[in-house]
Amino acid sequence: MPATLSERLLTSSSNARPVRLVQTGQTLEGRVAEWAAANAFKGKAGQLLLVPDEAGRVTEALFGVGEAFDPMSLRGLAPRLPSGDWVLEGVSGPEGELAAV
């Protein structure tokens with residue numbers, strides 16, 4: 001049976017970059033935490049931060065979901081991301097289906 005649209009959007013290709021959903025106040029680690037702090041990223045709903053590697057290439061994105069994840073909060077995310085393949089990290093089941101619509 002062919003994959004549904006939402007399955008395609010939630011399945012990563014080998015070169016897909018992750019979009020990490022971050023709640024307000026969620027603890028980040030390492031270089032990502034430093035980058036987030038330097039850019040005042042707090043995980044507020046709708047807040048987007050592109051995270052570069054040491055060479056300046058965007059390797060992932062952080063997307064703030066506020067206090068609780070609402071799949072519909074992602075509806076305006078796609079046009080804000082650089083072109084290329086992206087995969088939602090940590091979203092599955094019914095929430096994943098709604099987020100991929």
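## Exercises on a predicted model

Asp-53 is buried, its relative accessible area being 15%. The model is predicted.

**Exercise 1.** Decide whether Asp-53 is buried, partly exposed or exposed, and place Asp-53 in its surroundings.

*Solution.*
- Take the relative accessible area of Asp-53, 15%.
- Compare with the cut-off: buried means under 20%.
- Asp-53 therefore counts as buried.
- Locate the residue: Asp-53 sits in the loop linking β2 and β3.
- List its contacts: leaving out residues up to four places away in sequence, Asp-53 touches Arg-31 and Thr-59.

**Exercise 2.** Describe how β2 and β3 are joined.

*Solution.*
- Get the direction: β2 and β3 run antiparallel, and five bridges join them.
- Pick a pair: Val-51 faces Glu-60 of β3.
- Look at the turn: the two strands make a hairpin, with five residues between them.
- Check the backbone there: Gly-56 in the turn has a positive phi of about 90°.

**Exercise 3.** Work out the strand order of the sheet and name its edges.

*Solution.*
- Start with β1 (residues 17-23) and β3 (residues 58-66): they pair in the parallel sense, over five bridges.
- Val-19 stands opposite Ala-61 in β3.
- Extend to four strands: the open sheet has the order β2-β3-β1-β4, with mixed pairing.
- Name the edges: β2 (48-52) and β4 (86-89) each pair on one side only.
- Add the twist: the average is 30° from one strand to the next.

**Exercise 4.** Which strands does helix α2 lie across?

*Solution.*
- Helix α2 spans residues 30-38 and lies across β1, β2 and β3.
- Its angle to β2 is about 130°.

Notes. Residues numbered from 1 in each chain as written. Predicted model: local features only at pLDDT ≥ 70, side-chain atom pairs only at ≥ 80, totals over all residues. Heavy atoms only, no water. Pairing = 2+ DSSP bridges. Axes fitted to C-alpha atoms, helices over the stretch in contact; angles between N-to-C directions. Contact = heavy atoms within 4.5 Å. Buried < 20%, exposed > 50% of the residue type's maximum accessible area, 1.4 Å probe, protein only.
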